[in-house]
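Let's take a friendly walk through a protein model together. Have a look at the sequence and the fold, and then we will begin with a single residue.

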Amino acid sequence: MPPFVVEFGNVGRKPEPDGRLDAPAFHRNHEAIWSVLAPWLLAQTGEVLETGSGTGQHVVEFARKSPGLVWWPSDYNDAHVKSIEAWRRHSDLPNIRPARRIDLAAPDWGLSADDSKTLRGLTMIFCANVIHIAPWSVAEGLLGHAAGRLKADGRLYMYGPFMRDGQHTAPSNAVFDSSLRAQHPAWGVRDITDIHALAGRSGLYLTDIVPMPANNFILTFERTPAA
Ligand SMILES: C[S@@+](CC[C@H](N)C(=O)[O-])C[C@H]1O[C@@H](n2cnc3c(N)ncnc32)[C@H](O)[C@@H]1O
């Protein structure tokens, strides 16, 4: 099975008996992602929501490095929610809340009334490698609701492969895009121009684009335009 398919456990280490899954990409990308998030994030307090947390390995790694922040992991896939919970318990970290089931494409993300009230005024929302392995409605849901859940100076960070001005940034991303679309016609590597336009309609401004290893990017969105 190709490594980008979200069936963690079919690639990488076998699932642990407690349900912890392993994503090989996590081991390759977490240090580089943290090096971009940390300078701003470590100066913040408050709560961080991760959407599409997958195995839960990023949230554990990042929460360990930021004891002053409270992390809320989430996913819409029940096996992934189970893995996140298993990683959370295994980590024994006090600053990770129980995994939420969030479907970014659902009205109000499918949040319970209590969670909808709680998950407001967030310092940061982090979303890695989700919107290309999902229909465009997931990008619409993420960007459509993020501004309303962030505090005034909060930020949304998105990590993954993106096109720029209608062009793939590397031949390998073009191959990846074709294989995604072959699996599901509604999937595919998204263009930063389209994401920028979508964000603008939702009260978010794209304030930074950081090239990352392996032809990925981190996009930063804020509720006020860059000065
Ligand atoms: C490739 S995995 C990335 C997981 C993790 N963020 C990482 O970088 O290792 C994509 C994740 O997006 C989740 N996902 C897909 N559609 C979603 C949706 N509508 N709402 C929330 N999560 C979704 C999948 O369940 C999966 O865990």
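In which strand is Met-212 found? Met-212 is part of strand 9. Keep in mind that this is a predicted model.

**One residue and its surroundings**

Is Met-212 buried, exposed or partly exposed? A residue needs 20 or more C-beta neighbours within 10 Å to be buried, and 12 or fewer to be exposed. Met-212 counts as partly exposed because it has 16 C-beta neighbours inside 10 Å. If we set aside neighbours within four places in sequence, Met-212 is in contact with Ala-32, Phe-217 and Ile-218. Ser-172 makes a useful reference point: it is 40 residues from Met-212 in sequence, and their C-alpha atoms are 14 Å apart in space.

**The sheet**

Now let's step back to the sheet. Its 6 strands follow the order 2-1-5-6-10-9, and the sheet is open with mixed pairing. Strand 2 (69-72) and strand 9 (205-212) are at the edges with a single partner strand each, so one side of each has no neighbour in the sheet. From one strand to the next, the twist averages 20°.

Strand 5 (residues 122-128) pairs with strand 6 (residues 150-160) in the parallel sense, over 6 bridges. One example is Met-124, whose bridge partner in strand 6 is Arg-155.

**Helices around it**

Helix 7 (residues 192-201) lies across strand 9 and strand 10 (216-222), and runs at about 155° to strand 9. Helix 2 (residues 57-65) has these buried residues: Gln-57, His-58, Val-59, Val-60, Phe-62 and Ala-63. Among the elements covering the buried residues of helix 2 are helix 1 (24-41), strand 1 (46-51), strand 2, helix 3 (78-91) and strand 5.

**The nonpolar core**

The largest nonpolar core holds 55 residues, and Ile-125, Leu-142, Leu-156 and Tyr-157 touch the most other members. Strand 5 gives the most to this core, with 6 residues. Apart from neighbours within four places in sequence, Tyr-157 is in contact with Leu-37, Met-124, Phe-126, Ile-218 and Thr-220.

**Around the ligand**

Which residues come nearest to the ligand? Of the 23 residues around it, they are Gly-52, Gly-54, Asn-77, Leu-104 and Ala-128. The table sorts the shell by class.

| Class of residue | Number in the shell around the ligand |
|---|---|
| Nonpolar | 13 residues |
| Polar | 8 residues |
| Charged | 2 residues |

Key:
Residues numbered from 1 in each chain as written. Predicted model: local features only at pLDDT ≥ 70, side-chain atom pairs only at ≥ 80, totals over all residues. Pairing = 2+ DSSP bridges. Helix = DSSP H or I, 4+ residues; strand = E, 2+ residues; numbered from the N terminus. Axes fitted to C-alpha atoms, helices over the stretch in contact; angles between N-to-C directions. Contact = placed C-beta atoms within 7 Å. Near = placed C-beta within 6 Å. Nonpolar A, V, L, I, M, F, W, Y, C, P; charged D, E, K, R; others polar. Core = buried A, V, L, I, M, F, W, Y, C linked by C-beta atoms within 7 Å.
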